[in-house]
Amino acid sequence: MPPTLCFRNCGQRAVLKRPKTGDALCKECFFSAFEDEVHNTIIQGNLFKSGQLAAIAASGGKDSTVLAYVLKLLNDRHNYGLNLVLLSIDEGISGYRDDSLDTVKQNREDYGIPLKILSYESLYGWSMDAIVKQIGRRNNCTFCGVFRRQALDRGAALLKADVVVTGHNADDIAETVLMNVLRGDIARLQRCTAITTAGEGSIPRCKPLKYTYEKEIVMYAYFKRLHYFSTECIYAPNAYRGHARAFLKDLERIRPSAIMDILHSGERLAVREGVRLPARGVCERCNFVSSQPLCKACTLLEGLNRGLPRLGLAKSSKAEQMLETKKRIITAPDF
Amino acid sequence: MSTSEGLLRITLEFRGGAELLFDNVKKHNVKLPLIDKTWTLRNLLLWIKENLLKERPELFVQGDSVRPGILVLVNEADWELLGGNDYVLKEGDTVLFISTLHGG
């Protein structure tokens, strides 16, 4: 079988079939298609303004490694006028995060972008290893997820960043759409496809890789020889997301456009007027966005610090009961 | 038959976390016996499952193909351009498997 030639008639041998379009492209034409699409997403979404400080949420994984590389390249090529900084969160998971942080440090050297690492320990007084000792391995991912969301906002505020940039790709967003449908979470379903979101603090978040397929991110990293970290977290993986992901990948095998189709479905969904959505207020303790008087992170922390680690995991009525019981035990007269 | 004429020599590489299923070894030089059989990627996958995979085969193979989410490149080109499972392996080919299912 003769080699397939590049669809753009450049005469080169094609190296990949694009999942989005089915086009066969050579290495160079793929690079330019990939970079141009991210550039178009940035321009059409009006993601940045000249002079802004953009904090790239960097985990050392494939998505944020490619994001940092491409953003640096496009910023230079198209004169966005952005100041870039890498922001990494150290959850304090030995054997996992310490290794991936080495990758982020390498990104700092390779791309010449300054790096700020913030730890859960310094932000919350608790590392994930310490939390797992208290809570065990069943609900630890809840703590980690809730803390990470705020940690990025807190880190960005500390850096005085104007915008936080995350590496969420088209597959991630399609997965989230599916999960929100399965859970009937209308409020999240409505906002999960937005390219720029409010974040939990006051700093907006955006996703320049929103329309980029995971396959192309991995191929781009491979052909550009970008070094990234790819080990699963040592604590329990997110089982629910795992199922949504496997389902999505099965669909993609049959019809690669399924990912973009689900993403568009999510974007097109509108909530009927008059449907009551949870009000987004502000946490009375930390001022971050919350639908309850006390945000989830503060509730979880309260539980950890009071020796009631399950507090934040329970429904709010049950949590009150737990606090009452604890109070009674503490204040009970010593006969 | 164990003479070198009866063997197909190829290189297998595993990356992106796929190597974790192979004792963390990223590169394997293998010799496949050429007894009344052409080696397609489909056959190769069965061979890998029986001879190389160290754990959790369901994370690598699904049905008679590679698990969706694992990319396959033959000599640096996407297997989707080469006929996928029906591609016939040649002496000296390098087959690379990259998992996209790890980390983020």
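**Figure 1. A:Glu175 is a buried residue of chain A, with a relative accessible area of 1%.** The model shown here and in the other figures is predicted. A:Glu175 forms a salt bridge with A:Arg241, and the closest N and O atoms of this pair are 2.8 Å apart. A:Glu175 sits in helix 7 (residues 170-183) of chain A and A:Arg241 in helix 10 (residues 239-254) of chain A, so the salt bridge ties together parts that are 66 residues apart in sequence. Unlike A:Glu175, which is buried, A:Arg241 is partly exposed, with a relative accessible area of 25%.

**Figure 2. A:Glu175 and A:Arg241 belong to a network of salt bridges.** Which other residues are linked in this network? They are A:Lys62, A:Asp63, A:Asp171, A:Glu214, A:Arg245, A:Lys249 and A:Glu252. Side chains of opposite charge can pair when their charged atoms come close. Over all chains, the count comes to 31 salt bridges.

**Figure 3. A:Arg108 and A:Glu109 form a salt bridge.** The closest N and O atoms of A:Arg108 and A:Glu109 are 3.1 Å apart. Is A:Glu109 buried or exposed? A:Glu109 counts as exposed, at 52% relative accessibility, because the cut-off for exposed is over 50%. A:Arg108 is partly exposed, and its relative accessible area is 31%.

**Figure 4. In chain B, B:Arg15 forms a salt bridge with B:Glu13.** The closest N and O atoms of B:Arg15 and B:Glu13 are 3.3 Å apart. B:Glu13 is buried, with a relative accessible area of 16%, since buried means under 20%. B:Arg15 has a relative accessible area of 32% and is partly exposed.

**Figure 5. B:Asp23 has a positive phi although it is not a glycine.** The phi of B:Asp23 is about 55°. Where is B:Asp23 placed? B:Asp23 is in the loop between strand 1 (7-15) and strand 2 (27-33) of chain B. B:Asp23 counts as exposed, at 54% relative accessibility.

**Figure 6. B:Glu76 also has a positive phi and is not a glycine.** For B:Glu76 the phi is about 70°. B:Glu76 is in the loop between strand 5 (70-74) and strand 6 (77-78) of chain B. With a relative accessible area of 26%, B:Glu76 is partly exposed.

**Figure 7. Chain B contains one helix and seven strands.** Along the sequence these elements follow the pattern β-β-α-β-β-β-β-β. The radius of gyration of chain B is 13 Å, close to the 13 Å that the globule rule gives for 104 residues, so chain B is as compact as a globular protein of that length. The C-alpha trace of chain B spans about 45 × 30 × 25 Å along its principal axes. Of the contacts in chain B with a separation of 6 or more, 59% are between residues 24 or more positions apart.

**Figure 8. Surface and charge of chain B.** Buried residues make up 53% of the 104 residues in chain B. Chain B exposes about 5,000 Å², and carbon and sulfur atoms supply 49% of this area. How many positive and negative side chains does chain B have? Chain B has 12 positive and 15 negative side chains. The centres of the two sets lie 4 Å apart.

Terms used:
Residues are numbered from 1 along each chain as its sequence is written. Chains are lettered from A and ligands numbered from 1 in the order in which they are written. This is a predicted model: local features need pLDDT of at least 70, side-chain atom pairs count only at pLDDT 80 or more; totals for chains, interfaces and linings use all residues. Side-chain values use heavy atoms; hydrogens and water are left out. Helices (H or I, at least four residues) and strands (E, at least two) are DSSP runs, numbered from the N terminus. The radius of gyration is taken over C-alpha atoms; the globule rule is 2.2 Å times the number of residues to the power 0.38. Buried means under 20% relative accessible area, exposed over 50%, partly exposed in between (1.4 Å probe, protein chains only). Contact means heavy atoms within 4.5 Å. Accessible areas come from the Shrake-Rupley method with a 1.4 Å probe; for residues, only the protein chains shown count as cover. Lys and Arg count as positive and Asp and Glu as negative; His and the chain ends are not counted. The place of a charge is taken as NZ of Lys, CZ of Arg, CG of Asp or CD of Glu. A salt bridge is a side-chain nitrogen of Lys or Arg within 4 Å of a carboxyl oxygen of Asp or Glu.
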